[in-house]
Amino acid sequence: MRRSQDFKYTLKNGSRTGNAYVVVHALPVQKIQADPNQVGLFAQLEQPKVGFIVSKRVGNAVVRKRVTRQLKHLMRELLPQLNVSFLVIRANSAAADASYPQLQQALTKQFSQQKLWKNGITVDK
């Protein structure tokens with residue numbers, strides 16, 4: 001996800017859950033299909049769009065880039081299992097000190113809370 005209007009639409013219309021490491025804003029496929037103004041937008045989606053927000057509160061440029069790389073790698077693994085059209089992941093300052101497994105657990109917990117897994121899969125990590 002690169003366009004600011006995609007970020008704004010997801011942040012405004014999506015559901016939000018969070019913990020110490022990340023805040024997840026998700027816009028499920030069903031919600032886009034139900035919005036008559038966005039049906040064309042959904043038809044253009046070939047795959048889900050994911051965006052990341054890692055502000056300067058997380059740390060300096062090196063730390064922010066490391067957190068972004070970790071989140072991108074996690075989403076590459078998890079995205080095929082999710083039933084979502086737009087997803088924005090905002091890193092909190094605690095994400096700078098989090099290990100890869102801690103970030104993975106934080107994301108999977110947020111996805112479970114929002115019931116974003118395909119076919120009702122529940123992941124308890």
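These are my notebook entries on one chain, taken from a predicted model.

**Overall layout**

I began with the secondary structure. I found five helices and four strands in the chain. Reading from the N terminus, I noted the order α-β-β-α-α-β-α-β-α. I then looked up burial. Of the 125 residues in the chain, 42% are buried.

**Salt bridges**

How many salt bridges does the model hold? I counted two. I took Asp6 and Arg3 to begin with. Their side chains form a salt bridge, with 3.2 Å from N to O. I then turned to Lys49. Asp6 also makes a salt bridge with Lys49, and here the closest N and O atoms are 3.4 Å apart. Asp6 sits in helix H1, while Lys49 belongs to strand S3, residues 49-53, so this pair ties together parts that lie 43 residues apart in sequence. I logged Arg3, Asp6 and Lys49 as a network of salt bridges.

Is Asp6 buried or exposed? I read a relative accessible area of 3% for Asp6, so I entered Asp6 as buried; the cut-off for buried is under 20%. For Arg3 I read 40%, which means partly exposed. Lys49 is partly exposed as well, at 27% relative accessibility.

**Positive patch**

Next I checked the surface for charge. Which residues form the positive surface patch? I listed Arg2, Lys65, Arg69, Lys72 and Arg76. I followed up on Arg2. I placed Arg2 in the segment before helix H1, which spans 4-13. Arg2 has 82% relative accessibility and therefore counts as exposed, since exposed means over 50%.

**Aromatic pair**

I searched for paired rings. The structure has one aromatic pair. The partners are Phe111 and Trp117, and their geometry is edge-to-face. I noted 5.8 Å centre to centre and 80° between the planes. The angle qualifies because planes over 60 degrees apart count as edge-to-face. I also looked up burial for both rings' residues. Phe111 is buried, at 0% relative accessibility. Trp117 is buried too, at 6%.

**Lys115**

I went through the backbone angles next. Lys115 caught my eye: its phi is positive, about 55°, although Lys115 is not a glycine. Why make a note of that? Most residues other than glycine have a negative phi. Where does Lys115 lie? I found Lys115 in the segment after helix H5, which covers 100-113. With a relative accessible area of 72%, Lys115 is exposed.

**Leu27 and Asn83**

My last check was on a pair of residues separated in sequence. Leu27 is part of strand S2, residues 22-27. Its relative accessibility is 1%, so I put Leu27 down as buried. How far apart are the C-alpha atoms of Leu27 and Asn83? I read a separation of 9.3 Å, for two residues 56 positions apart along the chain.

**Recap**

I kept three items for my index. Asp6 is buried and takes part in a salt-bridge network with Arg3 and Lys49. Phe111 and Trp117 form an edge-to-face pair. Lys115 has a positive phi and is exposed.

Terms used. Residues are numbered from 1 along each chain as its sequence is written. This is a predicted model: local features need pLDDT of at least 70, side-chain atom pairs count only at pLDDT 80 or more; totals for chains, interfaces and linings use all residues. Side-chain values use heavy atoms; hydrogens and water are left out. Patches are made of residues with over 30% relative accessible area and no salt bridge: like charges are joined within 9 Å, nonpolar side chains (Val, Leu, Ile, Met, Phe, Trp, Tyr) within 5 Å. Accessible areas come from the Shrake-Rupley method with a 1.4 Å probe; for residues, only the protein chains shown count as cover. A salt bridge is a side-chain nitrogen of Lys or Arg within 4 Å of a carboxyl oxygen of Asp or Glu. Lys and Arg count as positive and Asp and Glu as negative; His and the chain ends are not counted. The place of a charge is taken as NZ of Lys, CZ of Arg, CG of Asp or CD of Glu. Helices (H or I, at least four residues) and strands (E, at least two) are DSSP runs, numbered from the N terminus. Buried means under 20% relative accessible area, exposed over 50%, partly exposed in between (1.4 Å probe, protein chains only). Rings of Phe, Tyr and Trp (its six-membered ring) pair if their centres lie within 6.5 Å; planes under 30 degrees apart count as stacked, over 60 as edge-to-face and the rest as tilted.
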